[in-house]
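Colleague: Could you take a close look at one part of this model for me? I'd like to start from a single residue in a loop and then see what the rest of the fold looks like around the sheet and the cavities.

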Amino acid sequence: MTDIAMTIPDLHAAYARGVSPEQIIAQVYTRLREVDDPCIFLSMASEADAQAAAAALGPYDPAKPLWGVPFAVKDNIDVAGYETTAACPAYAYTPTQDAFVVAKLREAGAIFIGKTNLDQFATGLVGVRTPYGAPRNSIDPEIVPGGSSGGSGVAVGHGIVAFSLGTDTAGSGRVPAALNNIVGLKPTLGALSATGVVPACRSVETVSIFALTVADAYTAFTVACAYDAADAYARHISAPPLAAPKSAPVIGIPSRDSIRFSGDAVQEASFNAAVDLLRGQGAEIREIDFTPLYDVADMLYEGAWVAERYTVIEDLLHTDPEAILPVTRQVICKAEALSAADAFRGMYRLKELSRIAETALEGLDMLCVPTIPTFHTVAELEADPIGPNSNFGTYTNFVNLLDMCGIAVPVPARSDGRPGSVTLLAAAGKDADIAASGLALEAAGKRNLGATGWPFNGTPTFDTATTDGLILAVCGAHMHGLPLNHQLTQRGATYHGTATTTDSYRFYALAGDPPARPGLVKGTPGSGAPIAVELWSLSFEKVGGFLDAIPAPLGIGTVDLSDGRQVKGFICEAEAVADGTDITQSGDWRRYLAQL
């Protein structure tokens with residue numbers, strides 16, 4: 001059996017055609033041996049136990065959204081029968097019950113694989129503050145893996161598991177995503193239960209989710225997002241199906257005077273290109289002064305919230321201080337100089353800064369920021385354990401203090417080959433909105449998933465039946481980032497993700513130099529190949545003007561999608577392809593253009 005890509009649609013498609021979950025578990029452990037990094041996991045299910053869990057699932061049940069999907073858990077989150085260490089052997093205990101979120105995932109059919117390494121007590125954004133040895137970055141071992149959820153990010157980056165749980169206080173659910181070319185979903189505070197989670201900074205932290213795609217991360221989120229009355233910080237947060245925005249979003253970015261890249265011009269160019277993608281998809285971009293947000297970010301490790309971390313390890317500091325890493329003590333023991341009055345001053349200051357930030361954010365639907373300002377190497381962290389860690393928090397530290405949700409999304413690779421990543425941020429409860437916008441970003445360009453050789457193949461994720469307008473499948477110059485996309489965006493069209501046709505279609509580059517248009521021609525089932533399309537919705541009142549601009553030999557007809565749906569889309573008159581080039585095997589207009 002060839003490797004199955006560790007995405008939920010790929011796994012479920014394999015199960016539907018008869019692949020067993022036991023075969024997928026065998027792939028998991030084979031890949032783990034190939035990666036050969038003993039520092040990713042701190043404890044694991046034996047292969048036999050994982051196989052037994054797979055067999056216990058019974059016949060394939062597509063009603064369970066995570067049926068047969070392997071996942072990993074950061075080792076500050078409880079899994080029954082497996083030691084929870086928080087990367088501190090002296091702190092370790094063995095829980096008898098799963099954490100609330102782990103139980104929800106297993107109920108939905110997910111298969112537990114192992115507990116992942118982390119920065120000790122989830123204090124850090126680098127992934128090397130662990131007594132167990134740091135996991136290697138899945139893309140480049142010279143670069144830090146990111147933290148504190150480093151093991152969880154690396155496990156997904158290598159494609160060992162389909163998704164993993166982390167936690168996020170200062171950015172630990174986002175920084176490893178940027179460094180490993182994956183998605184990091186940081187939910188609204190209180191959306192995911194903290195029952196069974198070792199706290200780091202309980203009032204401003206959340207369980208987070210890593211996955212290879214936005215859709216997979218959001219699927220795991222919808223399963224885990226359930227109100228837990230036993231968690232005093234739980235909130236009633238909804239996780240609706242992803243839907244296309246009703247109108248083009250207004251997105252704020254750091255102003256030229258306030259944006260920070262630590263001198264990394266390559267990262268700056270990558271971010272600017274991502275912003276251009278958002279513009280091309282119809283978003284209105286506004287520059288805002290980020291100074292108030294940076295001021296909030298500074299408070300996370302300079303004020304009362306350090307004392308909140310201190311409460312978790314206070315007893316251990318008194319009984320066995322050497323069990324805690326020196327850098328962890330250095331960060332957390334600053335709390336010993338703080339008073340209760342300092343805590344209140346910090347809370348007052350946060351309220352003041354939050355009010356200033358509200359003014360700066362007024363009128364925006366969301367923010368788009370670089371996930372990290374630059375990259376840092378393992379060697380840099382050895383020379384300076386604090387500075388690079390603080391730098392990683394530039395665009396992450398303020399988020400939970402301001403009660404925002406966020407999702408780190410891969411974008412086309414930087415010019416030097418390192419992963420591109422931006423983070424979308426919005427107010428509490430807007431998790432679905434930013435995930436929907438993330439779908440379009442991750443579909444841009446051509447990339448592999450994480451550090452694997454699996455290509456990204458976007459799948460439709462919106463419920464098009466609920467859209468007020470005509471759904472159009474476009475396969476050529478009207479796709480985002482291509483020359484005629486403006487004919488859609490200027491009419492207010494909204495992006496619905498990618499899809500493929502059935503195998504009844506042949507694909508042609510129509511005559512011209514250079515070829516400017518493709519032609520899609522329907523035949524009999526099996527006579528062609530699946531062809532990549534993008535789905536856009538256009539309001540009915542704008543359809544007429546759009547159709548009038550379509551030149552012969554193209555027209556609009558019914559297009560059959562591989563998932564069984566029928567939508568309207570571009571088709572071509574059969575006689576027009578006689579002088580064209582058959583490019584059916586490319587399956588994708590962008591891929592064909594890249595080959596020219």
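Modeller: Sure, and keep in mind that this is a predicted model. Let's start with G587, which is buried because its relative accessible area is 12%, and the cut-off for buried is under 20%. G587 sits in a loop, the one between β19 (581-582) and α19 (589-595). As for what it packs against, leaving aside residues up to four places away in sequence, G587 touches P530, I531 and A532. Right beside that stretch in the numbering is A529: its C-alpha is 7.0 Å from that of G587, although 58 residues separate the two in sequence.

Now for the sheet. It is an open one with 11 strands, and the pairing is mixed. Reading across, the order goes β1-β3-β2-β4-β6-β5-β10-β11-β9-β7-β8. At the edges you find β1 (41-44) and β8 (284-288), each of them paired on one side only. On average, neighbouring strands here are turned by 25 degrees against each other, ignoring direction.

The β1 end is a nice place to zoom in, and β3 is the strand to follow. All six of its six residues are buried, so by the under-20% cut-off β3 counts as mostly covered. On one side, β3 pairs with β1 through three bridges, and those two strands run antiparallel. There, F41 stands opposite T116 of β3. To get from β2 to β3, the chain passes through helix α4 (residues 100-107), and this β-α-β crossover is right-handed. β2 (residues 70-74) and β3 (residues 111-116) are themselves joined by five bridges and run parallel. If you want a specific pair to click on, take V73, whose bridge partner in β3 is K115. Both kinds of pairing fit the usual picture, in which strands of a sheet pair through backbone hydrogen bonds, either parallel or antiparallel.

Last, the cavities. Searching the whole structure turns up three of 30 Å³ or more. The largest cavity holds about 180 Å³ of space. Its lining is made of 15 residues, and those nearest the centre are P245, P249, Q281, S437 and Y495. Two elements give two or more residues to that lining, α16 (431-442) and β13 (494-500). Of the elements, α16 gives the most, with three residues.

Methods
Residues numbered from 1 in each chain as written. Predicted model: local features only at pLDDT ≥ 70, side-chain atom pairs only at ≥ 80, totals over all residues. Heavy atoms only, no water. Pairing = 2+ DSSP bridges. Helix = DSSP H or I, 4+ residues; strand = E, 2+ residues; numbered from the N terminus. Axes fitted to C-alpha atoms, helices over the stretch in contact; angles between N-to-C directions. Buried < 20%, exposed > 50% of the residue type's maximum accessible area, 1.4 Å probe, protein only. Contact = heavy atoms within 4.5 Å. Right-handed = clockwise from strand over helix to strand, strands pointing away. 1 Å grid on protein atoms, 1.4 Å probe; cavity = no way out; pocket = protein on both sides within 12 Å on 5 of 7 lines; lining within 4 Å. Points joined across faces, edges and corners; volume = space filled by probe spheres on them.
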